[in-house]
Structures are given as structure tokens and as C-alpha cells.
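The following exercises concern a single protein chain and are to be worked with the sequence and coordinates at hand. Each task is followed by a stepwise solution.

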Amino acid sequence: MTSAPLSLDRARPTPPPRPLQRPTADTPISPAFQTQPKSTPPTLRALRKAFQNQQNISEMLRHQQNRIENDAEIIEIAYDVQAGSYVSLQATPERQRFQAAYAGALVSVIDALGPCRSLFEGGVGEATTLAPVLKSWGGELPTTAGIDLCWSRIRWAKRWLHQNGAASVFLASAALDRLPFPDNAFDIVYTSHSLEPNRGREQLLIRELHRIAARYVVLLEPSYELATAEGRQRMDRHGYVRDIPGHAKRLGLRVIEHSRFPFTHRESNPTAITVIEKDRRAMATDSRPVCPACHSQLQPTDGFLFCAEGCGRAYPVLHGIPCLRVEKGIIASQLFDFPVA
Ligand SMILES: [Zn+2]
């Protein structure tokens with residue numbers, strides 16, 4: 001049996017180096033697009049203009065990449081470009097009343113679960129749920145953190161929390177399947193329609209949320225099972241989650257409540273509440289962020305958070321917002337071996 005030769009393709013001449021170009025607003029926003037040589041990727045400017053003209057960004061990117069389904073990058077770009085739109089929605093008194101009622105009902109559930117000294121929202125978006133949750137909190141505010149995949153949405157979340165008097169929340173760009181916190185980091189971990197577009201990844205994400213919870217996981221997510229036939233069709237089309245309590249039980253977790261939530265943003269996408277008990281007597285002790293790759297402590301250094309004791313990744317902190325995603329970490333094993341110029 002002969003093994004395939006290592007393909008260095010010597011017969012092909014080396015192409016001349018491309019001249020370095022200064023990036024502009026028209027520079028393609030993702031190097032990943034460069035693997036699609038046949039089509040020109042839309043620029044950041046074009047994407048923002050398309051969004052202003054109410055075009056569907058995901059559809060535009062799918063078309064450009066000649067693909068049928070969204071991939072993770074398309075979802076991230078589409079959400080990042082539309083960052084700010086959830087905060088804009090809060091402008092009307094009706095919407096503010098709804099959000100206050102929705103958050104108030106969630107706080108009542110959390111209250112009934114006993115003392116909560118630390119709280120985490122996975123997929124915090126622009127903090128349009130977290131801000132009213134903290135507003136309707138009775139007594140001393142818990143140590144609070146939230147993450148979202150999109151940097152721009154976290155930037156809006158930071159502003160929205162500040163405007164709503166809750167400036168001390170720790171916010172980071174991070175992924176739901178690689179949360180940058182140690183095991184048992186928060187008394188209560190919750191989500192609000194953030195597992196939603198992740199059909200097929202339900203168990204992966206529930207397991208990760210459960211890992212960082214000390215006492216309870218509270219999931220406000222759409223219920224496929226409670227939806228009408230028309231609603232289910234829509235959820236099928238968008239790839240929304242199904243059977244959250246079933247997935248939790250199959251992971252061996254203890255589901256103590258699953259019911260329709262009294263408030264729902266859209267009738268065709270009914271919200272259900274699922275409460276998973278981990279250890280009702282436990283208490284979280286350390287909510288500080290850690291390396292998402294290896295869970296070691298992070299050391300602040302020169303605009304980065306460095307995983308000095310673990311895997312040696314340096315994570316950028318962009319305008320005060322840590323980007324704690326494994327693929328954003330720069331392996332820099334010799335970071336401290338040279339004097340800083
Ligand atoms: Zn690490």
C-alpha cells in the first residue's frame with residue numbers, strides 16, 4: 001500500500017506576493033470569504049446599507065456564498081450588523097411595559113428558587129431582558145454577567161445597562177458552547193430565546209450552561225411542542241430548538257418545572273419555562289471569567305487577557321469588551337519573554 005505523497009505541489013509556480021493594501025471600509029469583513037474566489041464578498045459598508053434598506057442580511061450572504069443554510073459566521077455577521085435594533089424596539093411605552101412584565105415574571109421564578117447572589121444570562125444580546133430583570137430585582141443586586149457571540153451587541157448591552165442604572169455587569173463576547181467561566185460559577189444561569197436558533201445543538205448547550213450553574217438553570221425558550229402547526233412550520237424553517245425538557249432529561253439532569261410562560265413576544269413562537277435543579281443547597285463562590293479553551297485563570301496584560309497558567313492564549317479586549325472565544329485567542333507562549341517596547 002502506498003501512501004499519498006505530501007502535496008506541496010511543486011509543479012505549480014509560486015504566485016507573486018500580492019501588494020499590501022491599507023484596509024478601508026470597503027475591505028471584505030471576513031478573511032473566510034476569501035475561500036470563495038468566484039464571488040466578491042459584500043463590504044461592511046454594503047452590509048450596513050442593505051440592513052438600513054431592510055434587506056435580509058443572512059439571505060444576502062447565503063446568496064453570495066451560494067449556500068442554502070446559514071453557517072455560524074453568517075449568523076454572527078447578520079446579528080452583528082443589526083446590533084442596536086433590539087434597543088430601538090424599547091422606545092415605545094407598550095414594549096417597555098411588556099419587557100418589564102416579562103422580566104418581572106422571570107424574577108418571581110428566580111426568587112422562589114431561594115437566595116441568588118450571582119446571576120448569568122447566556123446570549124444576553126443587547127441586555128433588553130437583563131436590564132429590566134435587574135430593575136425588578138428586590139434587595140441587593142447579585143454579581144451579574146452576560147455573554148453574547150456578537151461584539152457589537154455587547155457594546156449596545158453595555159450602553160443599555162448603563163442607561164438603566166446597572167453599570168457593573170461583566171459583559172463579554174463569547175460562545176454558548178464554550179462559556180468562559182469555571183464550573184458552578186453562578187447561583188442561577190438563565191437564557192431568554194438564545195438557544196432558539198440551535199436545533200440539533202440543544203444538549204451541547206444545555207450541558208454547558210449546567211456546568212457553570214451552581215444551583216439552577218432557568219430556560220425561557222420557544223416550545224415547539226406548544227406551538228400551532230403553523231408555528232411549528234415557521235420553527236422548522238428557522239431551525240429552532242425542540243423538546244428542551246426532553247433533552248435535559250436525556251442528559252440525566254433534574255427538570256423540576258416545565259410550563260408555558262405567561263408572556264410571549266410572538267404567539268407563533270410560544271415561550272416556555274424550564275427549570276433544571278443542579279444543587280439547591282450549593283452556593284457559587286467564583287464568578288470570575290476564565291479561559292474558554294482550558295478554564296484557567298486569565299491575567300490582564302496590555303489590551304489582552306492572557307491564559308498564562310493554562311494554554312497560553314491571549315484574548316483581545318476591544319474597547320473594554322473581552323472577546324473570550326477560543327478561535328479569537330492568539331497562541332503567544334512567549335508573551336512575557338520580551339520587554340514591552
Ligand atoms: Zn487557556
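**Exercise 1.** Which residues of α5 are exposed on the other side of the helix? Locate them, and then describe the buried side.

*Solution.* The model is a predicted one.

Step 1. Helix α5 covers residues 93-112, 20 residues in total. From its first C-alpha to its last it reaches 28 Å, close to the 28 Å expected at 1.5 Å a residue.

Step 2. A residue counts as exposed if 12 or fewer other C-beta atoms lie within 10 Å of its own, and as buried if there are 20 or more. In α5, the buried residues are Q99, Y102, A103 and L106. Seen down the axis of α5, these buried residues fall within an arc of 90°, so they line one face of the helix.

Step 3. On the other side of α5, the exposed residues are P93, E94, R97, S108 and A112.

Step 4. The cover over the buried residues of α5 includes α6 (130-135), β4 (186-192) and β5. After the helix comes G114, with a positive phi near 100°.

**Exercise 2.** Determine the strand order of the open sheet and place helix α8 relative to the sheet.

*Solution.*

Step 1. The open sheet is formed by seven strands in the order β3-β2-β1-β4-β5-β7-β6, with mixed pairing. At its edges are β3 (170-173) and β6 (254-260), each of which pairs on one side only. Direction ignored, neighbouring strands are turned by 15° against each other on average.

Step 2. Within the sheet, β1 (residues 118-122) pairs with β4 in the parallel sense, over four bridges. The bridge partner of E121 in β4 is Y190.

Step 3. Helix α8 (residues 202-212) packs on the sheet, where it touches β1, β4, β5 and β7 (271-277). The direction of α8 makes about 145° with that of β5.

**Exercise 3.** Which residues have the most contacts inside the largest nonpolar core, and which strand supplies its largest share?

*Solution.*

Step 1. The largest nonpolar core has 77 residues, and F186, I188, V189, I212 and A213 have the most contacts inside it. Strand β5 (residues 213-222) supplies the largest share of this core, seven residues.

Step 2. Take I188 as a case. Leaving aside neighbours within four places in sequence, I188 is in contact with I110, L113, C116, L119, A213, R215, Y216 and V218.

**Exercise 4.** What do the buried residues of α3 pack against?

*Solution.*

Step 1. In helix α3 (residues 72-81), the buried residues are I74, I77, A78, Y79, D80 and V81.

Step 2. The packing partners of these buried residues are α1 (44-52), α2 (57-65) and α7 (151-163).

Definitions and conventions: Residues numbered from 1 in each chain as written. Predicted model: local features only at pLDDT ≥ 70, side-chain atom pairs only at ≥ 80, totals over all residues. Core = buried A, V, L, I, M, F, W, Y, C linked by C-beta atoms within 7 Å. Helix = DSSP H or I, 4+ residues; strand = E, 2+ residues; numbered from the N terminus. Contact = placed C-beta atoms within 7 Å. Expected span 1.5 Å × (residues − 1). Arc of directions from axis to C-beta. Pairing = 2+ DSSP bridges. Axes fitted to C-alpha atoms, helices over the stretch in contact; angles between N-to-C directions.
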